[in-house]
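Biologist: I am new to this structure and should like to understand the terms applied to it. May I ask for the reasoning behind each one?

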Amino acid sequence: MYLNLPQAPLQILDLPWLANAKIELAILRLDLIDPLISGNKWFKLRHHLQQAHQSGAPGLISLGGNHSNHLHALAAAGKRFGFATAGLLRGHPQDTPTVRDLQAMGMELHWLGYGGYRARHDPGFWEPWQARYRGWHCIPEGGGGVAGAEGCALIVEQARSQLSALGWSGYDAWWLAAGTGTTAAGLVLAEAGEHAVHAALAVPMDHGVPATVAGLAGSQGYQLHDACRGGFGKFDDDLLAFVAESERHSGVPLEALYTGKALLALRDQAEAGLLAPGTRLIFLHTGGLQGRRGYL
Ligand SMILES: Cc1ncc(COP(=O)(O)O)c(C=O)c1O
């Protein structure tokens, strides 16, 4: 199966608070790699798609919410690479732009309610779905697991191969948003301690990210920051104003709930003087721009 990863451009991000703190920031634009399978999703799905292909699975099944970037990318990938797809959704049937796209891309949807969705980590959760969709490849929530993290390790190569074009001989650390922590774990694995990975959590700290990252990548080489601003999916005026101002100044589109929160957490660190002048960082744009329709 043809699954070559498109190259994401690495660009300098120019913002006044970075200049004030004398920090240089390059942004790896995973949002630009594909109009539909965008952001970290390509990387998280890559190994799952290959496994599904190798096992002759007729379809792919996974879980998410009604604005899920992950399900959106999965539905698009299924359509493009010839797999049927099914999505197990949190809550009760709702009509959102994302849900309409999922249906238009041919994904079969099942609404699990809230209690049903909470049971997703229970040992027998997948059994009825595996009985219903025989031979289909099941993907954990958010494209997680070892396959997802291994796919994300390739992100580091993409950034490193473009450093010299920016005139950079190296960098000090990564910053990125975390939801399940899979992408961050992939970077930690690829870096193997060479550069620190700062994961800004878009979900509360007690939602399992520390355990996920530790399970996939061990206990070293990264720092987790609380960036959720009151909860997953929550946004406030300061956040939206920060995103709008950053977009206006840099020309780079962001979505508030992941990349916006992560960049704001980084700005807070910079303004608190926690980053040494001369620090060079790579910020990962994890895409998710389709999800903006849900809150704008
Ligand atoms: C736009 C965006 N950024 C970041 C993440 C977080 O990725 P991860 O679940 O690998 O931590 C997600 C969710 O999957 C996302 O949709």
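Modeller: Please note that this is a predicted model. The lining of the second largest pocket divides into five nonpolar, five polar and two charged residues.

Biologist: What makes two residues of that lining charged?

Modeller: The lining includes D31 and K41. Asp and Lys count as charged, so these two residues fall in that class.

Biologist: Which helix gives the largest share of the lining, and how much space lies in the pocket?

Modeller: Helix α3, residues 69-81, gives the largest share, with three residues. N69, H72 and A73 are among the lining residues. About 190 Å³ of space lies in this pocket.

Biologist: Turning to the ligand, why is the pair formed with T183 called a polar contact?

Modeller: A polar side-chain atom of T183 is 2.6 Å from an oxygen atom of the ligand. The cut-off for a pair of N or O atoms is 3.5 Å, so this pair qualifies.

Biologist: What makes the pairs with N40 and T182 polar contacts?

Modeller: For N40, an N or O atom of the side chain lies 3.2 Å from a ligand oxygen. For T182, a backbone N or O atom lies 3.4 Å from a ligand oxygen. Both values are within 3.5 Å, and therefore both pairs count.

Biologist: How much of the ligand does the protein cover, and which element gives the most to the shell around the ligand?

Modeller: The protein covers 97% of the 390 Å² that is accessible on the ligand alone. Both α2 (40-54) and α8 (182-191) give two or more residues to the shell, and α2 gives the most, with three.

Key
Residues are numbered from 1 along each chain as its sequence is written. This is a predicted model: local features need pLDDT of at least 70, side-chain atom pairs count only at pLDDT 80 or more; totals for chains, interfaces and linings use all residues. Side-chain values use heavy atoms; hydrogens and water are left out. A polar contact is a pair of N or O atoms within 3.5 Å; within protein, one must be able to donate a hydrogen and the other to accept it, and residues adjacent in sequence count only if both atoms are side-chain atoms. Accessible areas come from the Shrake-Rupley method with a 1.4 Å probe; for residues, only the protein chains shown count as cover. Helices (H or I, at least four residues) and strands (E, at least two) are DSSP runs, numbered from the N terminus. On a 1 Å grid over the protein atoms alone, a cavity is a set of points where a 1.4 Å probe fits but cannot get out, and a pocket is an open set with protein on both sides within 12 Å along at least five of seven lines; lining residues have an atom within 4 Å of a point. Grid points are joined across faces, edges and corners, and a volume is the space filled by probe spheres set on the points.
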